[in-house]
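User: Please take a close look at one helix of this model and what it packs against. After that, set the part in the context of the sheet, the pairing of the copies and the main pocket.

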Protein chains: 2
Amino acid sequence: MTTHGVVDTPAFMPIGTQGTVKAVTPRELREMNAQIILGNTYHLFVRPGLDVIKHFGGLHNFMNWDGPILTDSGGYQIFSLAKLRKITEEGVEFQNHIDGARAFISPEVAMEIQAGLGGDIAMALDECVPYPCEYDYAAQSAELTTRWAKRCKAVAASLRDAHATHSDAATKQLLFGIVQGATFEDLRKQSAQAIVDLDFDGYAIGGVSVGEPEEEMMRAVESAEPFLPIDKPRYAMGLGTPPQMLEMIARGMDMFDCVLPTRLARNIEENCTCQACREFSRGYIRHLIKAEEILGLRLITLHNLHFYLNLMSQARTEIEGGTFDQFRKAFVAEYKTRDAMMVE
Amino acid sequence: MTTHGVVDTPAFMPIGTQGTVKAVTPRELREMNAQIILGNTYHLFVRPGLDVIKHFGGLHNFMNWDGPILTDSGGYQIFSLAKLRKITEEGVEFQNHIDGARAFISPEVAMEIQAGLGGDIAMALDECVPYPCEYDYAAQSAELTTRWAKRCKAVAASLRDAHATHSDAATKQLLFGIVQGATFEDLRKQSAQAIVDLDFDGYAIGGVSVGEPEEEMMRAVESAEPFLPIDKPRYAMGLGTPPQMLEMIARGMDMFDCVLPTRLARNIEENCTCQACREFSRGYIRHLIKAEEILGLRLITLHNLHFYLNLMSQARTEIEGGTFDQFRKAFVAEYKTRDAMMVE
């Protein structure tokens, strides 16, 4: 339950990097039954900047999306896109990737920006280490992430107290903590325990899907999962392929976000019921993609998002019916066969 | 009146270069009350190729547009895009701009391709000379265009005879002749008379909007116009800016096509009632364009096409009410003032 509505889980969150889910309108997202979308704090902070979005009354108004929004902390993009990063106890200094302007993000700044964006769910600032990562660095980094999480939590609490009598979005903004620990089981466990001790509204597993083999990713999630409370949402960050999402649901995960459906063209299945496949032939869509037409990107994105959102909807139905396990195994087996066939 | 419906004039035809009006769906075109669109024979011939489009039952089915379509002859793109052109009495040899494959288009081939595309209106093959152009070349070229027009007309007549008992689209395809003559008044007059003598279903003025000053363009149209029959549609090819279209309507033109609304970002007016302006703020659209987001191109295209289509709709109303002349003068004056202000 968020300020802008209920999110049924498991849920896939289309990514709205720069204040738009690539190539689609909010109306199309609603028609596809997208429940919640993700906003990238780093991108929005760099362009158009927080003042512009505040001027328009927050991210919901700015992009004309009235459903729930989760904003990330900006940390992941600082570590993957920005230049000249300098990490200290205080926060991260960096130069953005657009015009190279210097900026500084601390847990407090990340919370302030996310409060300004006005999303329904904010994420604590974390350090996302790359793969592979030395054990010692991963251990120190996970501890830094815990100290930052504590500071984020303190800001959220003081915002809540200060505005206790108001009903603005910031006071109702949920805050999720992020578990790190790279590919090390003991670090994942320690991180999960430390973050859960701080008592967040939900928990994310970060530092996965950063290039590690799939088994390591599964083990990282399995190592942390037993220490997460069962009554709070669990968000596996940056995942994944359709089979990976189902495997993660089997491992207790509830929320996902992934660039795949809005970045990659996929092969179009037969019998798809999405708007693109209902109205246009596969031959036509193939022509549009070859000719690099914008309509091709639109139709592929509609198709892919429909596929992801529909998969989550079906997973919810199978879970309710007690048949999720069979569904998952059949889907994963069939998906692998099809992938193998498509390579030929 | 075409096979796929009536076109009220004056009419603007959005350009569907590669089997899609850039960035928008046929559904959006219908919502904007687009009456007829233009298909580029050259582009479709090069990719995906005539066989693919025939396989899907023609261009209407291929792109899922059930309204009227006008196809050009391909000549203009051969002269502006293709490489190594060689023009003879017989036709044009060229290498396409995508993979350099050699091809040959004659009046007969142009008619055959357009019959395969199945548009409602086909255009005769012409030579479109560049600006500036020597008088002697322009004269010879206009005569070649007339001889090619005669051959196109002969193909259309034989197709009509051969299929007289059928009701397929090709038998009902209308054919427009094209007046050339560059910027020379006497050549424009001679070309118009020669083309009209051949008796087409409509007449186009080609070789305008190719870089010549606006006065020369107006004079070229004025030189040809008196020789066009008043009961057949007149199509000013490749035009234009909004004031140019109104000036052309005042000079008796009925149909227009122009790449401006689907290629250029325009400044967004206040109080616009298009879907983009109704649902999104100008600040948000500006952000999307700066961030090079596909949604930005979609929204700008919706806005621009709405503006063009709405201008034609308003022109029709003013013509019916007998107030077109005042409307045109006021619009042109206001448009120029606004342009001047935007430069500051």
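Analyst: In this predicted model, helix α14 of chain A spans residues 282–290, and its buried residues are Gly283(A), Tyr284(A), Ile285(A), His287(A) and Leu288(A). These buried residues pack against elements of both chains: α13 (275–279) and α15 (294–321) of chain A, together with α4 (59–63) of chain B. Just after α14(A), Glu292(A) takes a positive phi of about 55°.

The contact with chain B leads to the relation between the copies. Chain A superposes on chain B with an RMSD of 0.0 Å after a rotation of 180° and 0.0 Å of shift along the axis. The two copies are thus related as by a two-fold rotation axis. The same surface serves both copies, since 100% of the contact residues of chain A recur in chain B. The residue of chain A that comes closest to the rotation axis is Ile294(A), with its C-alpha at 3.6 Å.

Next comes the sheet. Chain A has an open sheet of 9 strands with parallel pairing, in the order β1-β12-β11-β10-β9-β8-β4-β3-β2. Its edge strands are β1 (11–13) and β2 (15–16), each of which pairs on one side only. At the β2 edge, 2 bridges join β2(A) to the parallel strand β3 (residues 37–39) of chain A. Gly16(A) stands opposite Gly39(A) there.

Further into the strand order is β9(A), residues 174–179. Of its 6 residues, 5 are buried, so the strand is largely enclosed by the rest of the structure. On one flank, strand β8 (residues 121–123) runs parallel to β9(A) and is joined to it by 3 bridges. Met123(A) stands opposite Phe176(A) in this pairing. On the other flank, β9(A) pairs in the parallel sense with strand β10 (residues 202–205) over 4 bridges. Gly177(A) stands opposite Tyr203(A), and Phe176(A) has Gly202(A) as its bridge partner in β10(A).

Ala124(A) lies in the loop between β8 and α7 (135–162) of chain A. With a relative accessible area of 1%, Ala124(A) is buried, the cut-off for that being under 20%. Not counting residues up to four places away in sequence, Ala124(A) touches Ser73(A), Ala149(A) and Cys152(A), along with Leu175(A), Phe176(A), Gly177(A) and Ile178(A). Leu175(A) is 51 residues away from Ala124(A) along the chain, yet their C-alpha atoms are separated by 6.9 Å.

Strand β10(A) is covered on both faces. In a regular strand the side chains alternate between the two faces of the sheet. Here Gly202(A) and Ala204(A) are on one side, Tyr203(A) and Ile205(A) are on the other, and all are buried. Strand β11 (residues 234–236) runs parallel to β10(A) and is joined to it by 3 bridges. Ile205(A) has Ala236(A) as its bridge partner in β11(A).

Helices connect these strands in two β-α-β units. β9(A), helix α9 (residues 185–197) and β10(A) make a right-handed unit. β10(A), α10(A) and β11(A) also make a right-handed unit. Helix α10(A), residues 214–224, has the buried residues Glu216(A), Met217(A), Met218(A), Ala220(A), Val221(A), Ser223(A) and Ala224(A). These residues pack against β9, α9, β10 and α11 (242–250) of chain A. The partners of the buried residues of α10(A) thus belong to chain A, whereas those of α14(A) include α4 of chain B.

The last part is the main pocket. The largest pocket has a volume of about 750 Å³. It is lined by 37 residues, and those nearest its centre are Ile15(B), Tyr76(B), Gln77(B), Asp257(B) and Val259(B). The elements that give two or more residues to the lining of the largest pocket are α5 (75–80) and α12 (260–263) of chain B.

How values were computed:
Residues numbered from 1 in each chain as written. Chains lettered and ligands numbered in written order. Predicted model: local features only at pLDDT ≥ 70, side-chain atom pairs only at ≥ 80, totals over all residues. Heavy atoms only, no water. Buried < 20%, exposed > 50% of the residue type's maximum accessible area, 1.4 Å probe, protein only. Pairing = 2+ DSSP bridges. Right-handed = clockwise from strand over helix to strand, strands pointing away. Least-squares fit on C-alpha atoms with pLDDT ≥ 70 in both. Contact = heavy atoms within 4.5 Å. 1 Å grid on protein atoms, 1.4 Å probe; cavity = no way out; pocket = protein on both sides within 12 Å on 5 of 7 lines; lining within 4 Å. Points joined across faces, edges and corners; volume = space filled by probe spheres on them.
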